[in-house]
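Biologist: I'd like to walk through this fold with you, one question at a time. Shall we pull it up and start?

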Amino acid sequence: MDRNDFMHELQDTRLGQNVKGAEMALAGEGIDLRSELEQTNRIIDALCYSYYDVYYANMSTGEMRSYRYSRDTRDLFGDQFENGSFETNFYTYVRSVVHPDDQKLFEPILTIASVRKTFSRQMTYGFSYRVIWDEEIHYCQVEVVKILNSKDEFVFAFKSIDKQHQLEQNAREKELNTVQAMVQHLMSVVRSPLENIISVSQRAKNGLLTAQEMQESFGKINEEGRMLLEFAEVVCSKENVDRDMIERAIMQFKSAE
């Protein structure tokens, strides 16, 4: 269905007559129906720009029709979702391909009653979720927009966010690798003084140090202990949330050893 056909049917559904006639009939109530349809048009156009499946749904009639219908959805469901019952089509989609753990996310918009309840408090509703397609998990996003000045008309838009998810996953893995490398770096810095403290204290405990050696060793333990404490305070301070600052603190500590 092309845009002109869709908007023509939308006008017929909402007004029962052409826009010009409806404007004349309701002019006394100050309702600018042409402006309202233009706003609806802009909403749908904006969603079609970035979403691959866009549907108009009317809760008073219980019907939905597609404004943009992707090839992938057609390959999976045929012509079923081009138009028909909102609850039947939406329920079929959720139960057929949405990941079982994510199906609960759709409960606020799965039925006519739930849609009306959800949108009694807001104008938009959206979230990300997973689908199982060709035995693979894919990531999608849905956005539902309430048409202005209407309590029963909505636009449902769907798109894939696989690329975005992969970029986010790559960023998380990169950050994890960086954190792991930093932890290893930290251990390399503190291991030597800690091992020295443990060794000296163990020898002193076993009576293997002379009085002179014990005095010198305890002085060294005190010095290294203070350095470790200072280092820990620098690294763990609230001001040192930046990774580069922590790296500089590590290098300063190593140079002081």
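Modeller: Before the hairpin comes up, one term: strands here are DSSP runs of at least two residues, numbered from the N terminus. Keep in mind that this is a predicted model.

Biologist: Good. In the hairpin of E1 and E2, which residue takes a positive phi?

Modeller: E1 and E2 pair in the antiparallel sense, over 5 bridges. Within that pairing, Tyr 56 has Arg 65 in E2 as its bridge partner. The hairpin leaves 4 residues between the strands, and the one with a positive phi, near 75°, is Gly 62.

Biologist: And moving on from E2, which residue in E3 is the bridge partner of Met 64?

Modeller: E2 also pairs with E3, again antiparallel, through 3 bridges. In E3, the partner of Met 64 is Gly 84.

Biologist: Now the whole sheet. Which strands are at its edges?

Modeller: Six strands make an open sheet with antiparallel pairing, and the order is E3-E2-E1-E6-E5-E4. An edge strand pairs on one side only, and that holds for E3 (83–85) and E4 (124–133).

Biologist: How much does the sheet twist from one strand to the next?

Modeller: Take the open sheet in its order, E3-E2-E1-E6-E5-E4. Going from one strand to the next, the twist averages 25°.

Biologist: Over at the E4 end, which residue in E5 stands opposite Phe 127?

Modeller: E4 and E5 (residues 136–146) run antiparallel and are joined by 10 bridges. Across from Phe 127 in that pairing you find Val 142.

Biologist: Something packs on this sheet too. What angle does the direction of H5 make with that of E3?

Modeller: H5 covers residues 86–97 and touches E1 (53–58), E2 (63–68), E3, E4 and E6 (153–160). Its direction and that of E3 make an angle of about 95°.

Biologist: Let's talk rings. How far apart along the chain are Tyr 55 and Phe 158?

Modeller: The structure holds 14 aromatic pairs. In the one formed by Tyr 55 and Phe 158, the rings are 6.0 Å centre to centre with 75° between the planes, and planes over 60 degrees apart count as edge-to-face, so this pair is edge-to-face. Tyr 55 is in E1 and Phe 158 in E6, so the pair links distant parts of the chain, with a separation of 103 residues.

Biologist: Now for empty space. Which element gives the largest share of the lining of the largest cavity?

Modeller: The search of the whole structure finds 1 cavity of 30 Å³ or more, and the space in the largest cavity is about 150 Å³. Of its 14 lining residues, the closest to the centre are Tyr 55, Thr 73, Phe 81, Tyr 93 and Phe 158. The lining divides into 11 nonpolar, 2 polar and 1 charged. E1, H4, H5 and E6 each supply at least two residues, and the largest share, 4 residues, comes from H5.

Biologist: Last one: which element gives the most to the lining of the largest pocket?

Modeller: The largest pocket holds about 240 Å³ of space, and its lining divides into 5 nonpolar, 3 polar and 3 charged residues. Among the lining residues are Asp 72, Asp 75, Trp 133, His 138 and Cys 140. At least two residues each come from H4 (71–77), E4 and E5. With 3 residues, the element that gives the most is H4.

Key: Residues numbered from 1 in each chain as written. Predicted model: local features only at pLDDT ≥ 70, side-chain atom pairs only at ≥ 80, totals over all residues. Heavy atoms only, no water. Pairing = 2+ DSSP bridges. Axes fitted to C-alpha atoms, helices over the stretch in contact; angles between N-to-C directions. Contact = heavy atoms within 4.5 Å. 1 Å grid on protein atoms, 1.4 Å probe; cavity = no way out; pocket = protein on both sides within 12 Å on 5 of 7 lines; lining within 4 Å. Points joined across faces, edges and corners; volume = space filled by probe spheres on them. Nonpolar A, V, L, I, M, F, W, Y, C, P; charged D, E, K, R; others polar. Phe/Tyr/Trp six-rings, centres within 6.5 Å; stacked < 30°, edge-to-face > 60°.
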